[in-house]
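Thanks, everyone; I would like to take a few minutes on how the helices pack in this one. Please have the structure open while I talk.

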Amino acid sequence: MRNVKRDTTEGLESELPRPVLGPYTAAQIEFAREAWPMRAAEELRSAWIFRALTRAAQRIAMADPWPERFARTTHDEIRHARLCVAVGARLGAPSPRYDMRPVRARLATLADPRVRAASLLLVEVAIGETISMCLFRAGRRAAIEPLSRAALASILRDEARHQRLGWEGLAALWPELGADRRDEIQREAARGLAACERHVAVPALRWLESGRPFDGAYAALGVIDPRERVETFYFAVERLIVPRLTRLGLDGAAAWRDRYVQSREDRHGAFRAVTLVAPTIRSTSDEKLSAMELRTNLGRAHAPT
Ligand SMILES: [Fe+2]
Ligand SMILES: [Fe+2]
């Protein structure tokens, strides 16, 4: 997986239409293309997560076809990473930089293979892929430029399947988790939601707060309008994820409400998953304030009803 850079566009040429960049200025293209190396790095991160999930599922002897389905998804994610590299290259973007240290750090917090499998299924697959599906759908909906739109549509098809796999896999594993592990997974749900909010919503909220205008051409080139990004994130969490968590047997509303409430283990530094997932964040309390204040300050227009 480390070698994604080596064969970036091999086999993908026939899959992708030619870019049509005539309607856009050089500055607009330059802005929009920067997203592709970042998307490539996210997709490779997903591939590593699915590989770790496959191994954890094998270790706990999760019944077929689960380990095989997780392994197949690893290959989907590698394809997505290659696709993003290929699109970025065609638009003149620099090569992605892959930093797998946050993934290693995240996995280091999940020593017990059953907790590891459940937690990865919950946070990265069920929650993460549901948000990802909604974001790709929003990006594809507004994209007009053919290459960008085709690549987003291609990834979206798989992400819709991946999030289903997360919810179904977690439901399959749930009966095997005892009370202690279920409590741990409840805390993981809260930490995961906080990490996703900081990673997905906070940068968009900051953009909106700054008053910086968003050029409609960026959306035509596949970049999600920050207002749409915020709406999409909170829609995904409040309308899709929270009810699904509750149906599964977790307390979805409490996980969302208490996402910045540190558990005793967190305070003692035994679990630092949230900060490890989003290593650029300074501190949990700062981000709690910024996410909530930004959303409040920006008013109900940005909050889902
Ligand atoms: Fe993906
Ligand atoms: Fe995915």
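The crossing of α5 past α7 is right-handed, and I should say straight away that we are looking at a predicted model. The two helices pack at an angle of about 35°, with 10 Å between their axes. On the α5 side, the residues that take part are R114, V115, A118, S119, L122, V123, I127, G128 and I131, and they meet R181, E184, I185, E188, A189, G192, L193, C196 and V200 of α7. Sorted by class, this contact comprises 11 nonpolar, three polar and four charged residues.

Now, which helix gives the most to the largest nonpolar core? That is α5, with 15 residues. The core has 77 residues in total, and those touching the most other members are L53, A117, L120, L121 and L122. At least two core residues come from each of α2 (35-59), α3 (66-91), α5 (113-142), α6 (146-173), α7 (179-210) and α9 (226-248).

If we take A117 from that group and set aside its neighbours within four places in sequence, we find A117 in contact with L53, A56, A57, I60, M62 and L173.

Stepping back to the chain, there are 13 helices and zero strands, and 44% of the 305 residues count as buried. Finally, if we consider the contacts with a separation of 6 or more, 83% of them are between residues 24 or more positions apart.

Methods
Residues are numbered from 1 along each chain as its sequence is written. Chains are lettered from A and ligands numbered from 1 in the order in which they are written. This is a predicted model: local features need pLDDT of at least 70, side-chain atom pairs count only at pLDDT 80 or more; totals for chains, interfaces and linings use all residues. A nonpolar core is a set of buried Ala, Val, Leu, Ile, Met, Phe, Trp, Tyr and Cys residues joined through C-beta atoms within 7 Å. A residue is buried if 20 or more other C-beta atoms lie within 10 Å of its own, exposed if 12 or fewer, and partly exposed in between; C-beta atoms are placed from the backbone. Helices (H or I, at least four residues) and strands (E, at least two) are DSSP runs, numbered from the N terminus. Two residues are in contact if their C-beta atoms, placed from the backbone, lie within 7 Å. Axes are lines fitted to C-alpha atoms, for helices over the stretch in contact, and angles run from 0 to 180 degrees between N-to-C directions. A crossing is left-handed if the near helix is turned anticlockwise from the far one by less than a right angle, and right-handed if clockwise. Ala, Val, Leu, Ile, Met, Phe, Trp, Tyr, Cys and Pro count as nonpolar, Asp, Glu, Lys and Arg as charged, and the others, Gly among them, as polar.
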